[in-house]
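Hi everyone, thanks for making time. I'd like to walk you through one model today, so let's get it up on the screen.

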Amino acid sequence: MGSHGHGDPPPSPSPSPSPPPPPPTRTRRPVCATCTKPVKLCLCSRFSSPPLHTSISITVLQHSHEVKHPLNSTRVAKLGFDNISVTHISDVNLHARLQIHPLNPQLPGSEPARLPTSTVTDGQKERPQIAKSRENPKPGKGFFNLNRGGDEGEGGNGIVTKEMNKYKVTCSPTSLTVTLERTAKPNLNWVPKTTIGKSLITNGFRVNKLHTKKKSNSTQIYQILEYDIIVPPNSVLLFPNEKSLALDSVDFQVKNLIVLDGTWAKAQRMYHENPWLKLLPHIKLDSVKESLYSEVRHEPKSGCLSTIESIVFALKKFGEDAERLDLILGVFESMILDQRRCKEEKFSDLSQP
């Protein structure tokens, strides 16, 4: 006879282990839409008076990495001044073309040329969105294999073109065009001697930058108009180098102060990759005052100041309202104190048993 119905029953299967609990969801802190700080650390209410209007306008060229940095001081400048403009700039990814036209309406061609707005290249297929690019990026040396123009006066066209490994500069009687690859350092020392160089320096100019980029982890290439800005006459660049003037040595009227907002390394790269800055008079601060940043953000060397500190100290030297400027700087100091307090509280919590 068979054994059906006899013997021990088969063992029951062991229960499956319970899945681990989901990680706790991290609630995002509410952020002020104006100053972009957490609501409990909002800066907006710390200003006791309306934004300050100064006789010198302020232009900040802000590196894209600084925009969301919690300690970036340009947010204080935007709240404290009513005649400030901020333009975002990124490192050149593949290459860029800058077109610079004098503001003098009497000069023909002083209006900037119409630019293509966007082009996307995917592998070998080009998909124009609005306008097709005339340039196909090719890495390596000799990237700009373009025809050279003659020296000014040759052939009667008044065009001067100088071409180096990573950049090309073309001066016509009505505009200056610079085409460059990433990390290029164009030399424009000869441009002020040209007809267009003299006009740009005297009359101010309008500059636009068409930036060609490659998407990360992709073969797609696209173009953006990164900026289109006015640089009025009597603009100066606050940037220390061998040709910078001390503020006490400035013997001309300053109407617009241009400041680079970024780490020192990023500011140097912005300076070279936006070479129209080299056409401006350069000024520098002689202050050896320690920055309020010193305890909460690394500075490359002693004497480096935050963007808002640099603006305030320069405007004081030019005779703007020192009392009102100190109030703006006081808001920045309160932001640094917030950061220091948060840092101390964090370490205190970590030291608890």
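Let me start with a question: which residue in strand 13 is the bridge partner of Ile58? It's Leu257. Before I go on, keep in mind that this is a predicted model.

So, Ile58 and Leu257 are one contact between two strands. Strand 1, which covers residues 57–63, is joined to strand 13 by 6 bridges, and the two run parallel. There's another neighbour too: strand 11, residues 235–238, is parallel to strand 13 and connected to it by 4 bridges. If you want a residue to click on there, take Leu238, whose bridge partner in strand 13 is Val259.

Now, what about strand 13 itself: buried or exposed? All 6 of the 6 residues, 256–261, are buried, so the strand is largely enclosed by the rest of the structure. You can see that on both faces. On one side you have Asn256, Ile258 and Leu260, on the other Leu257, Val259 and Asp261, and every one of them is buried.

Okay, on to the aromatics. Searching the whole structure turns up 4 aromatic pairs. One of them is Tyr227 with Trp276, an edge-to-face pair with 6.4 Å centre to centre and 75° between the planes. What I like here is that the pair links distant parts of the chain. Tyr227 is in strand 10, Trp276 is in the loop between helix 3 and strand 14, and they're 49 residues apart.

How accessible are these two? Tyr227 has a relative accessible area of 4%, so it counts as buried. Trp276 is at 1%, so that's buried as well.

Then there's Phe239 and Tyr271. Their ring centres are 4.3 Å apart and the planes are at 15°, so this pair is stacked. It also links distant parts of the chain: Phe239 is in the loop between strand 11 and strand 12, Tyr271 is in helix 3, and the separation is 32 residues. Both Phe239 and Tyr271 are buried.

Back to Tyr227 and Trp276 for a second, since they have company. Ring pairs link them with Phe205 into a cluster.

Last thing: lysines over rings. Lys162 lies over the face of Trp190, 5.1 Å from the ring centre. Lys215 does likewise with Tyr222, at 6.0 Å from the ring centre.

That's my tour. If you remember one thing, make it strand 13, buried on both faces, with strand 1 and strand 11 running parallel to it.

Conventions: Residues are numbered from 1 along each chain as its sequence is written. This is a predicted model: local features need pLDDT of at least 70, side-chain atom pairs count only at pLDDT 80 or more; totals for chains, interfaces and linings use all residues. Side-chain values use heavy atoms; hydrogens and water are left out. Buried means under 20% relative accessible area, exposed over 50%, partly exposed in between (1.4 Å probe, protein chains only). Two strands pair if DSSP finds at least two bridges between them. Rings of Phe, Tyr and Trp (its six-membered ring) pair if their centres lie within 6.5 Å; planes under 30 degrees apart count as stacked, over 60 as edge-to-face and the rest as tilted. A charge sits over a ring if NZ of Lys or CZ of Arg is within 6 Å of the ring centre and within 35 degrees of the ring normal.
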